[in-house]
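Visitor: I would like to go through this structure with you, asking at each step what justifies the terms that are used. Please set each value beside its criterion before you conclude.

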Amino acid sequence: MIHVVHQRLRYRKDRTPGEVLISGERVCFSLEDELRELPGVPVAQWKDKGRTAIPALHYTVHLVDSQRFGKDALALEPPPGVDCGFTALRIHGGNTEADTEGCPLMGTELDKDDKIPGGKSKPGLVALRARLLPA
């Protein structure tokens with residue numbers, strides 16, 4: 001089993017930048033919607049559909065065939081018995097919070113506005129997949 005850490009770096013009004021670490025090494029950067037989570041409060045009370053980062057949990061990553069993202073898309077699954085308030089969580093490419101509906105986006109870098117620059121998303125996703133697929 002491989003241990004992946006998705007660490008949020010800053011909290012901004014509209015987006016949440018982060019990084020993905022494997023064995024302590026940064027593999028890529030991430031971008032999510034605004035973090036609205038209120039610990040101990042049911043998701044339905046703080047979630048703004050299509051504009052909210054997923055809750056901080058220990059997710060399992062696995063491969064799924066996705067109509068939207070294709071064969072062997074990276075999917076996140078919450079712990080058994082935990083309702084994270086989100087469905088069909090996929091790790092995918094994109095550049096801004098407008099490209100996600102709660103799913104984390106990957107990229108090789110973040111710009112000064114904490115967005116993933118054009119052309120930098122796909123290589124970040126490829127780098128993450130390359131580290132995860134052998135596991």
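Visitor: How many residues lie between β4 and β5 in the hairpin that they form?

Guide: Three residues lie between β4 and β5 in that hairpin; I should add at once that this is a predicted model, and that the values we discuss are computed from it.

Visitor: What makes β4 and β5 a pair of strands?

Guide: Two strands pair if there are at least two bridges between them, and six bridges join β4 to strand β5, residues 70–77, so the criterion is met, with the two strands running antiparallel. Within this pairing, Val 61 has Leu 76 in β5 as its bridge partner.

Visitor: How do you know that β5 and β6 pair?

Guide: The requirement is at least two bridges, and two bridges join β5 to strand β6, residues 90–93, so this antiparallel pair qualifies. Here Leu 74 stands opposite Ile 91 in β6.

Visitor: Which strands pair with β2, and in what sense?

Guide: Strand β1, residues 4–8, pairs with β2 in the antiparallel sense over five bridges, and β2 pairs with β3, also in the antiparallel sense, over eight bridges. Gln 7 stands opposite Glu 19 in β2, while Pro 17 stands opposite Leu 31 in β3. Each pairing is a hairpin: six residues lie between β1 and β2, and two residues lie between β2 and β3, where Ser 23 in the turn has a positive phi of about 55 degrees.

Visitor: Why is strand β2 called largely enclosed?

Guide: A residue is buried when its relative accessible area is under 20%, and eight of the eight residues of β2, residues 15–22, are buried, so the strand is largely enclosed by the rest of the structure. Both faces are covered, with Arg 15, Pro 17, Glu 19 and Leu 21 buried on one side and Thr 16, Gly 18, Val 20 and Ile 22 buried on the other.

Visitor: Why is Ser 30 called buried, and where is it placed?

Guide: Ser 30 is in strand β3, residues 25–33; its relative accessible area is 0%, and because the limit for buried is under 20%, the term applies. Leaving aside neighbours within four places in sequence, Ser 30 is in contact with residues including Thr 16, Pro 17, Gly 18, Glu 19 and Val 20, as well as with Leu 105, Met 106 and Leu 110.

Visitor: What makes the approach of the side chains of Ser 30 and His 6 a polar contact?

Guide: The side chains of Ser 30 and His 6 are joined at 2.7 Å, and the cut-off for such a pair of N or O atoms is within 3.5 Å, so the distance criterion is satisfied.

Visitor: How do you know that Arg 36 and Asp 48 form a salt bridge?

Guide: The closest N and O atoms of Arg 36 and Asp 48 are 3.9 Å apart, and the rule asks for a distance within 4 Å, so the pair is counted. This pair links distant parts of the chain, with Arg 36 in the loop between β3 and α1 and Asp 48 in the loop between α1 and β4, 12 residues apart. Arg 36 and Asp 48 also belong to a network of salt bridges that links them with Lys 13, Glu 34 and Arg 51. By this rule the count comes to 13 salt bridges.

Visitor: Why is Arg 36 called buried and Asp 48 partly exposed?

Guide: Arg 36 has a relative accessible area of 19%, which is under 20%, so it is buried; Asp 48, at 30%, falls between the 20% and 50% limits and is therefore partly exposed.

Visitor: Why is Lys 112 called exposed, and what salt bridge does it form?

Guide: The relative accessible area of Lys 112 is 74%, and exposed means over 50%, so the term holds. The side chain of Lys 112 meets that of Asp 113 in a salt bridge of 3.4 Å, N to O, and Asp 113, at 31% relative accessibility, counts as partly exposed.

Visitor: What makes Lys 47 count as lying over the face of Phe 86?

Guide: Lys 47 is at 4.0 Å from the ring centre of Phe 86, and the distance limit is within 6 Å, so that part of the criterion is met. As for aromatic pairs, a search of the whole structure finds zero.

Definitions and conventions
Residues numbered from 1 in each chain as written. Predicted model: local features only at pLDDT ≥ 70, side-chain atom pairs only at ≥ 80, totals over all residues. Heavy atoms only, no water. Phe/Tyr/Trp six-rings, centres within 6.5 Å; stacked < 30°, edge-to-face > 60°. Lys NZ or Arg CZ within 6 Å of the ring centre and 35° of its normal. Helix = DSSP H or I, 4+ residues; strand = E, 2+ residues; numbered from the N terminus. Buried < 20%, exposed > 50% of the residue type's maximum accessible area, 1.4 Å probe, protein only. Polar contact = N/O pair within 3.5 Å; in protein donor to acceptor, adjacent residues only side chain to side chain. Contact = heavy atoms within 4.5 Å.
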